[in-house]
Amino acid sequence: ILLLFSVMTWTIFLAKFIQFKFAFSRLKKDSLACERINSIDEVLKLDRNGFAVQLAREIKDEIKRSKTVNASLKNRVKERLELKNVNLIHLAKGYTGILASIGSSAPFIGLFGTVWGIMNSFINIANSNNASLSVVAPGIAEALFATALGLSAAIPAVLIYNYFVRAGLNFNVKIDALSSRIYLIFDRQCDAA
């Protein structure tokens, strides 16, 4: 189980690291592009896989569903952008909970192996009526190995989890800033109309 946990930890690390690297790159590109854009239609011409286009689509869809441009429309657009942000943040943070589970359970699984190894040592002592090192050593070695495996699975999982929690918070701030920037483009466009 601990070997599986270790493989899962490093697999999630690689996948999430690549995902966040691309996400932050797209966010930076979208933010720079939106600094010089004056309409939602211009935002929609950006990279269709970017976050700005996804947010702009929410605005266009709400405009299409509404009859007039008024304060209610602006409130609905804000709500739609917030909902989209929540969805994007949820997708960005996906699978990090597995790391928390591994980090919290692996030491206990290792501890179970430790108890099992020490029990085997006592059984060997009882069966042989001998408490020499040759009788005790295999069980103690097994116990120490189980402890080491538990820690080797748990420590990277906890460190990686903490890293991705910080990355998720950073993503949250940046996607909120991009969303606000796009909302301001929409708001200016409404006032100009």
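This section describes the nonpolar cores, one helix, the cysteines and the aromatic pairs of a predicted model. Residues are numbered from 1 along each chain as its sequence is written, and side-chain values use heavy atoms, without hydrogens or water. Local features need pLDDT of at least 70 and side-chain atom pairs pLDDT 80 or more, whereas totals for chains, interfaces and linings use all residues.

The largest nonpolar core (buried Ala, Val, Leu, Ile, Met, Phe, Trp, Tyr and Cys residues joined through side-chain atoms within 4.5 Å) has 31 residues. Buried denotes under 20% relative accessible area, exposed over 50%, and partly exposed the range in between, with a 1.4 Å probe and protein chains only. The members that touch the most others are Val 43, Phe 51, Phe 171, Ile 175, Leu 178, Ile 182 and Phe 186. Two or more residues each come from helices H1 (2-34), H2 (40-44), H3 (51-65), H4 (71-92) and H6 (133-192); helices are DSSP runs of H or I with at least four residues, numbered from the N terminus. The largest contribution, eleven residues, is that of H6. Beyond its neighbours within four places in sequence, Phe 186 is in contact (heavy atoms within 4.5 Å) with Ile 40, Ile 59, Ile 63, Leu 73, Lys 74 and Val 77. A second, separate core of seven residues includes Leu 2, Phe 5, Ala 153 and Ala 154.

Helix H5 (residues 96-128) bends by about 30° at Ser 105, with Pro 107 following within four residues; the bend is the angle between axes fitted to the seven residues ending at a position and the seven starting there. Buried residues of H5 include Gly 103, Gly 110, Gly 113 and Gly 117. Asn 129, which follows H5, has a positive phi near 50°.

The structure holds zero disulfides, defined as pairs of cysteine sulfur atoms within 2.5 Å. For Cys 34, the nearest cysteine sulfur is that of Cys 190, 16 Å away. Cys 34 is buried at 3% relative accessible area, and Cys 190 is buried at 14%.

Eleven aromatic pairs are present. Rings of Phe, Tyr and Trp (its six-membered ring) pair if their centres lie within 6.5 Å; planes under 30 degrees apart are stacked, over 60 edge-to-face, and the rest tilted. Phe 20 and Phe 164 are stacked, at 5.8 Å centre to centre and 15° between the planes; both residues are buried. Phe 24 and Phe 171 are edge-to-face, at 6.3 Å and 70°. Phe 24 lies in H1 and Phe 171 in H6, so this pair ties together parts 147 residues apart in sequence.
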